[in-house]
2 protein chains.
Amino acid sequence: MIEEKFKLDNQLCFRLYTASRLLTQAYHPLLGEHGLTYPQYLVLLVLWEKDAQPVNDIAKRLLLETNTVTPLLKRMEAEGVVTRSKGKEDARQMIVKLTKKGRGLQKKLTDIPEAVGSAVLCESVTPETVPGLFGMLDDIIKQLHHQI
Amino acid sequence: MIEEKFKLDNQLCFRLYTASRLLTQAYHPLLGEHGLTYPQYLVLLVLWEKDAQPVNDIAKRLLLETNTVTPLLKRMEAEGVVTRSKGKEDARQMIVKLTKKGRGLQKKLTDIPEAVGSAVLCESVTPETVPGLFGMLDDIIKQLHHQI
DNA sequence: TATATTTGCATCGTGAACGATATAAATGAA
DNA sequence: TTCATTTATATCGTTCACGATGCAAATATA
């Protein structure tokens, strides 16, 4: 008999990994209609909150490395969703700005949050329990992020 | 002002995605010592529970596609952790078996579950609250898996 | 003011994920 | 039995993630 600690059903990470993948898959057809991937959608969320940010700020907000974000932004630039231009005061920075198309996507994607939100609702995940879940996930993220 | 539904801080998926990535990163140095990646570790967990399974059963257990698992298993075969051989009754199947090295890894990785487990412990994630978290994640996974 | 260090971004290589498609073996139906 | 369908796996192309490394601009230090 395998030890409890090695049972797949006792792993937090496998649950997070699977839930993350499946929820991302739920976004896929909705975003795909508009030529977007899920990480690209996250970049849009960041830029909709605050436009014209350097690569580094976007990466930090998403807790990703710039070597992940740079190619992603280049693809978004190729799609005409953002522009990338050298910073004026600091020539090392690449400032990422939304194009008209990028701003316009917010209206087109307006139904997505609710569609995905309702897709995950179930017995133990409700408007009442979500804040508790958010709190635990935030704690895990904070805990792990500070260890790195 | 951006709508609440588009705020990054209100997204469940971003939390799951980030928590999953960071927790996987916590495994990385521990597994890397033994030449393993996190998905490869998951395959080991599956095979330690039950050796000699076809590709399809492993993929189903991990809720992955075979086109993800096949190359992964080939890399594990190249590392001498598993063998892959045609099934006797069904020649379409590839039966994946642990090698001596693959079985031996269980002893070498014996400290990893506790090391990672203690790394995530924090105010809101404790032995008392983990079952509730597991329940919610399991519900989300079940809910989304059945929609596909 | 030189030089060293840090910072911001990019490039490269590897390993997932996954949609689309291909191939061979097994199964079902005519 | 013959042919169509299903099933199990594999291949291919694209997009992340991310460690390692490179390079140029900015900053700190001698």
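**Two protein chains on two DNA strands**

A:Glu4 counts as partly exposed, with 48% relative accessibility (partly exposed lies between buried, under 20% relative accessible area, and exposed, over 50%, with a 1.4 Å probe and protein chains only). Keep in mind that this is a predicted model, where local features need pLDDT of at least 70 and side-chain atom pairs count only at pLDDT 80 or more, while totals for chains, interfaces and linings use all residues. Residues are numbered from 1 along each chain as its sequence is written, chains are lettered from A and ligands numbered from 1 in the order in which they are written, and side-chain values use heavy atoms, leaving out hydrogens and water.

Let's stay with A:Glu4 for a moment. Its side chain meets that of A:Lys7 in a salt bridge, 2.7 Å from N to O (a salt bridge is a side-chain nitrogen of Lys or Arg within 4 Å of a carboxyl oxygen of Asp or Glu). A:Lys7 counts as buried, because its relative accessibility is 19%. Over all chains, the structure holds 14 salt bridges.

Now to the DNA. Around strand C there are 26 residues, and A:Tyr17, A:Gln25, A:Thr70, A:Lys74 and A:Arg84 come nearest (near means that a heavy atom of the residue lies within 4 Å of the strand). Of the strand C atoms within 4 Å of the protein, 74% belong to sugar or phosphate and the rest to bases. A:Lys74 places a polar side-chain atom 2.5 Å from a phosphate oxygen of this strand, and a polar side-chain atom of A:Arg84 likewise lies 2.5 Å from a phosphate oxygen of strand C. Chain B takes part too: an N or O atom in the side chain of B:Asn67 is 2.8 Å from a base oxygen of strand C.

Turn next to strand D. It is surrounded by 26 residues, with B:Tyr17, B:Gln25, B:Asn56, B:Lys74 and B:Arg84 the closest. Here, 74% of the strand D atoms within 4 Å of the protein belong to sugar or phosphate. The side chain of B:Gln25 has an N or O atom 2.6 Å from a phosphate oxygen of strand D, and the side chain of B:Lys74 has one 2.6 Å from a phosphate oxygen of that strand. B:Met94 uses its backbone, with a polar atom 3.0 Å from a phosphate oxygen of strand D.

B:Arg84, one of the residues closest to strand D, also forms a salt bridge with B:Glu77, with the closest N and O atoms 3.1 Å apart. B:Glu77 is partly exposed, at a relative accessible area of 32%.

How values were computed:
A polar contact is a pair of N or O atoms within 3.5 Å; within protein, one must be able to donate a hydrogen and the other to accept it, and residues adjacent in sequence count only if both atoms are side-chain atoms.
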